[in-house]
Amino acid sequence: MTGSEKKTDQVYRWLIAYIDENRFSSNQKLPSENALCRRLNMSRETIRCAIDRLVQEGIVYKIKGSGTYFYKEKVLLRDMSSENALRKIGLVLQGQDTTANSDLIDGVRSVFAEDSVDLHVFLTDNKFSNERRCLQTVVHQNFDGFIVDGVKASIMSPNLDCYKELYRRRIPVIFYNNYYKDLRYPHVIINDMICADNLIGQLIDAGHRRIAGIFLYDNYQSVEKFHGMAAAMQSRNVELLDDYIKWCISDEAHNQSYTRSIEKFLKGIPDCTAIVCCNYIIYKLVRQVLDKMGKQVPRDFSLVCFDYSGDDWKEEGITCSVEQGYEMGRQLAIRLMEMIDNHDCDDKNYTYVLKPMIYDGTSIGPVHKKR
């Protein structure tokens, strides 16, 4: 095999992995040739040879002036079996926070030896329909276990029957961040009650009493963060005001236009001096709104953030809990392998609660009179 053929095979395998990862999401388009050249550090000729191979196999098709797409129906029916792998593991991600996902995948792979585990990554876009298609497709494909971030887990899921079928087949599943309380599977989470007590406690110690919070009501982890905020304020005899809490759904939080709703919310609570952001994505939207309003942090508003998944928290100066994707990935992989080795599906001390990693930045200041 020549060097150019080896490079084409590398690109081909990367594209197959990309397609498998996105088979259950709404995305059907491959990255552009220019993007692939930059990302894989390969020549355009090598990229085109790999794509042409996929075209010949009937997996992808090209639309002139638009790009290259894969046939979702054909891909969903593709056999994902690997004869060489000893264990086949599925990693089901929501997919919106790419940085957090990348760290978690790296953590999982640090435990799994490449020559013994065949890891398949799937994205659900946090949609019930995609999650269902994923589970219905893979349940019959001899997977040894799954790591899952549940979809809209604070809402009664219409897909519990799929997970119960996995349980009936005695296939181990471990959840992280968002899990379904009606199931008997274990989970790995952050202790958001302790995290909230620390972050909100710092705001109150700085003199803040009119504290706003923005949370996702369809996200179980976010609801737990709200409960932590409420408990932290109540234990310090600070009133939690309904008008100061904004609830949204996950899809809204990933839409840039949601900044208008956040701006209206903040203008409706003029006495507010501090804002609690339930995650990194909400935090970035809030910062955009404050910049547009000409407000400074912490002079006009103090800010804290749960699960900051960017790698610039020190430069940003944000007081936050730092996302621990890598360590969470490690813990998930270790526990899933124990479940597989022990032929366990029930939670027999496999659940694990990570301590929050708090960074004390410069985003909390004293209360100033509103101008």
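Colleague: Which residues does V367 contact, leaving aside its neighbours within four places in sequence?

Modeller: In this predicted model, V367 is in contact with A206, G207, H208 and T273. V367 itself belongs to the segment after β14 (358-359).

Colleague: Why is V367 called partly exposed?

Modeller: The relative accessible area of V367 is 40%. A residue is buried under 20% and exposed over 50%, with partly exposed in between. The value of 40% falls between these two limits, so V367 is partly exposed.

Colleague: How far apart are the C-alpha atoms of V367 and V75?

Modeller: These C-alpha atoms are separated by 56 Å, and the two residues are 292 residues apart along the chain.

Colleague: What makes T68 a buried residue?

Modeller: T68 has a relative accessibility of 12%. Because the limit for buried is under 20%, T68 counts as buried. T68 is placed in strand β2 (residues 67-70). Apart from its neighbours within four places in sequence, T68 is in contact with Q28, K29, L30, I51, V60, Y61 and K62.

Colleague: I51 leads on to the helices. Why are α2 and α3 called roughly perpendicular to each other?

Modeller: Helix α2 (residues 33-40) and helix α3 (residues 44-56) pack at an angle of about 115°. Angles of 65 to 115 degrees count as roughly perpendicular, and α2 and α3 are therefore described in that way. The axes of the two helices are 9 Å apart, and their crossing is right-handed.

Colleague: Which residues of α2 and α3 meet?

Modeller: From α2, the residues are E33, N34, L36, C37 and L40; from α3, they are R44, I47, R48 and I51. By class, this contact has five nonpolar, one polar and three charged residues.

Colleague: How do you know that the buried residues of α7 line one face of the helix?

Modeller: In helix α7 (residues 160-168), the residues L160, C162, Y163, L166 and Y167 are buried. Seen down the axis of α7, they fall within an arc of 160°, so they line one face. These buried residues pack against α6 (128-138), β5 (145-148) and β6 (173-176).

Colleague: What is the phi of R170, just after α7?

Modeller: R170 takes a positive phi of about 60°.

Colleague: What makes the phi of N177 worth naming, and why is N177 called buried?

Modeller: The phi of N177 is near 60°, which is a positive value in a residue other than glycine. The relative accessibility of N177 is 12%, and the limit for buried is under 20%, so N177 counts as buried. N177 is found in the loop between β6 and β7 (187-190).

Colleague: Is N349 buried or exposed, and how do you know?

Modeller: N349 has a relative accessible area of 77%. Exposed means over 50%, so N349 is exposed. Its phi is near 65°, again a positive value in a residue other than glycine. N349 lies in the loop between α14 (325-342) and β13 (352-354).

Colleague: What puts the buried residues of α11 on the same side of that helix?

Modeller: The buried residues of α11 are T259, I262, E263, F265 and L266. They cover an arc of only 160° around the axis, and therefore they are on the same side of α11. On the other side of α11, R260, K264 and K267 are exposed. The elements that cover the buried residues include β8 (211-216), β9 (245-248), β10 (274-277) and α12.

Colleague: How do α11 and α12 pack, in terms of angle and distance between axes?

Modeller: Helix α11 (residues 259-267) and helix α12 (residues 280-293) pack at an angle of about 65°, with their axes 9 Å apart. The crossing of α11 and α12 is right-handed. From α11, the contact is made by T259, I262, E263, L266 and K267; from α12, by L285, V286, Q288, V289, L290, K292 and M293. By class, seven of these residues are nonpolar, two polar and three charged.

Colleague: What makes the peptide bond between V297 and P298 notable, and where is P298 found?

Modeller: The bond that joins V297 and P298 is a cis peptide bond, with omega about 5°. P298 is found in the loop between α12 and β11 (302-308).

Conventions:
Residues numbered from 1 in each chain as written. Predicted model: local features only at pLDDT ≥ 70, side-chain atom pairs only at ≥ 80, totals over all residues. Heavy atoms only, no water. Axes fitted to C-alpha atoms, helices over the stretch in contact; angles between N-to-C directions. Helix = DSSP H or I, 4+ residues; strand = E, 2+ residues; numbered from the N terminus. Parallel < 35°, antiparallel > 145°, perpendicular 65-115°, else oblique. Left-handed = near helix turned anticlockwise from the far one by under 90°. Contact = heavy atoms within 4.5 Å. Nonpolar A, V, L, I, M, F, W, Y, C, P; charged D, E, K, R; others polar. Buried < 20%, exposed > 50% of the residue type's maximum accessible area, 1.4 Å probe, protein only. Arc of directions from axis to C-beta.
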